[in-house]
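Colleague: I'd like a close look at one part of this model, the ligand site and the strands and loops that go with it. Could you walk me through it in one go?

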Amino acid sequence: MLYDIFSSLLKQTNPEVAHQLAINVLKRDILPLDLFKFKGDDTLKSTVFGIDFINPVGLAAGFDKNAEVYNSMFKLGFGFAEVGTVTPKPQEGNPKPRVFRLNEDKAIINRLGFPNNGMEEIYNRISNQVSKGVLGVNIGPNKENATKVDDYLTCIKKFYDQAHYIAVNISSPNTPNLRTLHDENKISELIEALNDFRSNQKTSKPIIFKISPNIGTSEVEKLAEIFLNKKIDGLILTNTSIEGKENLRGKDREEAGGLSGSPIYTLSNKIISSFYKFLKGKVPIIGVGGVSDGETAYEKIKAGANLVQLYTSLVFKGPYVASNINEDITEFLKRDGFKNISEAVGVNANQ
Ligand SMILES: Cc1cc2nc3c(=O)[nH]c(=O)nc-3n(C[C@H](O)[C@H](O)[C@H](O)COP(=O)(O)O)c2cc1C
């Protein structure tokens, strides 16, 4: 009830201001632990890239860019949280306005351009608290270094010991030229540099790559071959889309930037099942793009995702979304006769 009033006020506010308000509330960490009736279920547990997850629903990158509230997100029922994108130096991002909420489409268009506090400040913030769940750190380059490997190396060195996994973002549409890192030679060079770094560390942490939805089947096939050869640990599929805006209804539909939420759901599922087939299920996938309820999350799992993430539906559906999704998936698994979530992964990939 209180949330509904708060939410309808937020929906009338500028999206970036509303987001900052939400961060400020979550930062106070005043949420009681028993806020949600669903307490989890053993069928939702799985081990993916060597990490134990209590449930498959994660917070996608971009919501907690500066690692301020991830511990509160675990209380909301998220099984893992990814902070960032973090860049080596702090940066302001693009001029405002740069986030547009399309209420009619249950979608967002953003062209933020990685505004963040920079790796030193974010590293110190993470150091000052004990993570209460699985923490991914999503890394990227500063705007002026967009196609260079060095910024990724600088960030992975900083966060390697702190994070449970590192997500390598090569797919934001809002940093000019970043997506050229999908080119075969460039991605190979980047994977090798990061693997070289890791081979000199005492522990082996998963390094996973976040990919654009705006690639064709032949590109998926070529990338999958590289990923299998170079033995990457995992993929996040997908980032926001620069395509698929023609059927939108919201008044800001023509704004430049990456589209997220319901309109990219089918597109991202296609990329998931396509990669799953070419990778023969050998590389774990985090499915993201338009997850908004139990059905949409479960479909992504059946298309080939081991885990899912969401951002946009948190804006439209509010803080109960992760908990509700987990409750629904538990029922679907039982209904369909699966003993645990891993058994459902990829069962529909060939459809
Ligand atoms: C406002 C906003 C900011 C985002 N910032 C980032 C980011 O910094 N790094 C990143 O990898 N993805 C970022 N994303 C993309 C999301 O992590 C996710 O891949 C995408 O929104 C699709 O999921 P969704 O439909 O559940 O939102 C952002 C998305 C939104 C809406």
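**A close look, starting from one side chain**

Modeller: Let's start at Gln-162, whose side chain makes a polar contact of 3.0 Å with the side chain of Ser-127. Keep in mind that this is a predicted model. A polar atom of that same Gln-162 side chain also lies 3.0 Å from the backbone oxygen of Tyr-123. Gln-162 sits in the loop between α5 (150-159) and β8 (165-169). If you skip its neighbours within four places in sequence, Gln-162 is in contact with Tyr-123, Ile-126, Ser-127 and Lys-205.

From that loop, go on to β8, which pairs with β9 in the parallel sense over 4 bridges. Val-168 is the residue that stands opposite Phe-209 in β9. Strand β9 (residues 207-211) has 5 of its 5 residues buried, so the rest of the structure largely encloses it. As a rule, side chains in a regular strand alternate between the two faces of the sheet. In β9, Ile-207, Phe-209 and Ile-211 point one way, while Ile-208 and Lys-210 point the other, and all are buried. Yes, that goes for the lysine too: Lys-210 is buried.

Now for the ligand. What is the class make-up of the shell around it? You get 8 nonpolar, 14 polar and 2 charged residues. Of the 24 residues around the ligand, the ones that come nearest are Ala-61, Lys-65, Thr-85, Gly-261 and Thr-312. The backbone takes part as well: a polar backbone atom of Ala-61 is 2.7 Å from a ligand oxygen, one of Gly-290 is 2.8 Å from a ligand oxygen, and one of Thr-238 is 3.1 Å from a ligand oxygen. On its own the ligand has 610 Å² of accessible area, and the protein covers 98% of that.

Which strands feed the shell? β4 (80-86), β6 and β11 each supply at least two residues. Two of these are partners, since β6 (residues 107-110) and β11 pair in the antiparallel sense over 4 bridges. Within that pairing, Asn-110 has Gly-258 of β11 as its bridge partner. Strand β11 (residues 258-261) is covered on both faces: Gly-258 and Ser-260 are buried on one side, and Leu-259 and Gly-261 are buried on the other. Gly-261 is also one of the residues that come nearest to the ligand.

Back to Thr-238, because its backbone is worth a look. Most residues other than glycine have a negative phi, and most peptide bonds are trans. The peptide bond from Leu-237 to Thr-238 is cis, with omega near 15°. Thr-238 is placed in the loop between β10 (234-237) and β11. There's another cis bond joining Lys-96 and Pro-97, with omega about 0°, and Pro-97 is in the loop between β4 and β5 (99-102).

For phi, check two loop residues. Ala-67, in the loop between β3 (57-59) and α3 (70-75), has a positive phi near 55°. Ala-67 is buried, at 0% relative accessible area. Phe-49, in the loop between β1 (46-48) and β2 (51-53), has a positive phi of about 35° without being a glycine. Phe-49 counts as buried because its relative accessibility is 13%, with the cut-off set at under 20%.

Technical notes: Residues are numbered from 1 along each chain as its sequence is written. This is a predicted model: local features need pLDDT of at least 70, side-chain atom pairs count only at pLDDT 80 or more; totals for chains, interfaces and linings use all residues. Side-chain values use heavy atoms; hydrogens and water are left out. Buried means under 20% relative accessible area, exposed over 50%, partly exposed in between (1.4 Å probe, protein chains only). Two strands pair if DSSP finds at least two bridges between them. A residue is near a molecule or strand if one of its heavy atoms lies within 4 Å of it. A polar contact is a pair of N or O atoms within 3.5 Å; within protein, one must be able to donate a hydrogen and the other to accept it, and residues adjacent in sequence count only if both atoms are side-chain atoms. Accessible areas come from the Shrake-Rupley method with a 1.4 Å probe; for residues, only the protein chains shown count as cover. Ala, Val, Leu, Ile, Met, Phe, Trp, Tyr, Cys and Pro count as nonpolar, Asp, Glu, Lys and Arg as charged, and the others, Gly among them, as polar. Contact means heavy atoms within 4.5 Å.
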